[in-house]
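Got your viewer open? Let's take a walk through this protein, one selection at a time.

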Amino acid sequence: MPGSKPIRHIALKTVSNLRDLGGYETPYGAGYTQFGRILRSDAPVYLEDEEKYRLKRLGVQTVVDLRTLAESEAEVSSFHDVPGVKIHNLPLDFDAADTGRAMAELGGDFTLGSYYVALLRYGRKAIAGALDLCARAPGLLIVHCAVGKDRTGVIAALALLAAGVSETDVLADYMLSDLYTRALFADGLIETVHTKYRGAHTGYMEQMLDYLRKNGGADAYFEEISGGRSLAEALRGKLTHSM
């Protein structure tokens, strides 16, 4: 990439896993995903005033909160009182009609890879809604869950795939969560996540990518959940086109 390269990881005191989806090679646009379009993060619920307004100055206008309503009510977004920033709570979960089937297939001792695949299969309405907002919301957007690894990881991976990013880079982006979430668990900031689900492993995301590959690829999945090509094209435009 010509010129100076922006920093992907945004270091703040109160969040650990805040990262820009820019800088990944793609056949579209300028050849790389654009910085300053979509940030992925753990929950921004303890931001200091200086941090909130630093992010506002970067251009944050929209926050997509993938946590459940119970989670978002228990720990309220720090952006709730920031003028000009709109928060959308879009829980990334199984569609109501398919929850029983999804839980039965997962069983009691599931892996995160199986969970990601179950979300793709049985959480299509929620995924389509979150991706549509990511694609069409104005300005810089933050998408997050609690840790910024699993629910956010699924959405970030799909957005990058829509932009033409390679599976290798999608995996690399996912694995950065293993590095940046260690502090959350080491400091006891996130205690509700079972130990076995705390890490990010390539096998988890590879299982999701393998499911997509065996079912026609990411573009076919986008067409299934949105009824056409508009969602993938909008995501691609958001992440690759100059503004």
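**Start in the middle of the sheet**

Select isoleucine 38 and leucine 141: leucine 141, in strand 5, is the bridge partner of isoleucine 38. Before you click on, a word on what you're looking at. This is a predicted model, where local features need pLDDT of at least 70 and side-chain atom pairs count only at pLDDT 80 or more, while totals for chains, interfaces and linings use all residues. Residues are numbered from 1 along each chain as its sequence is written, and side-chain values use heavy atoms, with hydrogens and water left out.

Now show the whole of strand 2 (38-41) and strand 5 (residues 140-144). Strands here are DSSP runs of E with at least two residues, helices are runs of H or I with at least four, and both are numbered from the N terminus. Strands 2 and 5 pair in the parallel sense over 4 bridges; to count as a pair, two strands need at least two DSSP bridges between them.

Stay on strand 5 and turn on its side chains. Leu140, Ile142 and His144 point one way, Leu141 and Val143 point the other, and all are buried. Buried means under 20% relative accessible area, exposed is over 50%, and partly exposed is in between, using a 1.4 Å probe and protein chains only. Why is strand 5 described as largely enclosed by the rest of the structure? Because 5 of its 5 residues are buried. As for the back-and-forth pattern, side chains in a regular strand alternate between the two faces of the sheet.

**Next door: strand 3**

Select residues 60-65, which make up strand 3; 5 of its 6 residues are buried. It runs parallel to strand 5, joined by 5 bridges. Look for valine 60 opposite leucine 140, then for aspartate 65 with its bridge partner histidine 144.

Strand 3 also runs parallel to strand 4 (residues 86-89), with 4 bridges between them. Pick out valine 64 and its partner histidine 88 to see one such contact. From strand 3 the chain travels through helix 2 (residues 69-74) to strand 4, making a right-handed β-α-β crossover. Right-handed means that, with the strands pointing away from you, the path from the first strand over the helix to the second runs clockwise.

**Over to helix 6**

Now highlight residues 151-162. Helix 6 has 12 residues and reaches 17 Å from its first C-alpha to its last, close to the expected 16 Å; that expected span is 1.5 Å times one less than the number of residues. How many of its residues are buried? The count is 12 of 12. Just after the helix, click glycine 164, which takes a positive phi of about 85 degrees.

**Peek into the cavity**

Keep helix 6 on screen and add Arg40, Val170, Asp173, Tyr174 and Met205, which are among the residues lining the largest cavity. On a 1 Å grid over the protein atoms alone, a cavity is a set of points where a 1.4 Å probe fits but cannot get out, and lining residues have an atom within 4 Å of a point. About 30 Å³ of space lies inside. Helix 6 gives the largest share of the lining, 4 residues, and helix 7 (167-180) supplies at least two.

**Last stop: a loop**

Finish at glycine 23, in the loop between strand 1 (19-20) and strand 2. It counts as buried because its relative accessibility is 10%.

How values were computed: 1 Å grid on protein atoms, 1.4 Å probe; cavity = no way out; pocket = protein on both sides within 12 Å on 5 of 7 lines; lining within 4 Å. Points joined across faces, edges and corners; volume = space filled by probe spheres on them.
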